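Dear colleague,

I am passing on the structure below, and I would be glad if you could keep it open while you read the notes that follow.

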Amino acid sequence: MNKNLPEWSGDSDLDDAVGDLSNSSKHYDCAEKIYNLRRKRDRTFKQGLFSDPAWDILLDLYISERHKKEIYVTSACLAAGVPASTGLRWITVLIQNGYVERREDQADARRSLLSLTPLGRELLDSLFEQMG
């Protein structure tokens, strides 16, 4: 069973579950709009003027959950629009703060996958909930 979907025991819980999914969808939509706006901003203004790699990495990981897409370390660095060395430093900070976890790719030990921790997801959900 998919851990991301709420469980319900009967029809009385159906409305609550659908509401939760609707809110979750709104959260992902909000995250995608923010991420896309940041990329458009980067293309519009002089390169290197804006930078917030930790936020871009968190947004990328959050959005990837919606699409059930696994994110590799290299991909997270590219999504943040920063060199690998900068991205790796920020990934380390996010891991140390308990927002992101890193694990080996079972199919290829040379690569590592990233995902949000429950804390990271909870904080992003809370933030997007406050945004409406």
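Asp105 counts as buried at 7% relative accessibility (buried means under 20% relative accessible area, exposed over 50%, and partly exposed in between, with a 1.4 Å probe and protein chains only), whereas its partner Arg111 is partly exposed at 37%. The side chains of Arg111 and Asp105 meet in a salt bridge at 3.0 Å, N to O, a salt bridge being a side-chain nitrogen of Lys or Arg within 4 Å of a carboxyl oxygen of Asp or Glu. Salt bridges that share partners also join Arg38, Arg39, Arg41, Asp42 and Asp56 into one network, and a search of the whole structure finds eleven salt bridges.

This is a predicted model, in which local features need pLDDT of at least 70 and side-chain atom pairs count only at pLDDT 80 or more, while totals for chains, interfaces and linings use all residues. Residues are numbered from 1 along each chain as its sequence is written, and side-chain values use heavy atoms, leaving out hydrogens and water.

Within the network, the side chains of Asp42 and Arg39 form a salt bridge of 2.6 Å, N to O; Asp42 is partly exposed, with a relative accessible area of 28%, while Arg39 counts as buried at 15%.

Another salt bridge, at 2.9 Å, N to O, brings together the side chains of Glu65 and Arg121. This pair links distant parts of the chain, 56 residues apart, with Glu65 in helix 2 and Arg121 in helix 5 (helices are DSSP runs of H or I, at least four residues, numbered from the N terminus).

With best regards

Terms used. Helix = DSSP H or I, 4+ residues; strand = E, 2+ residues; numbered from the N terminus.
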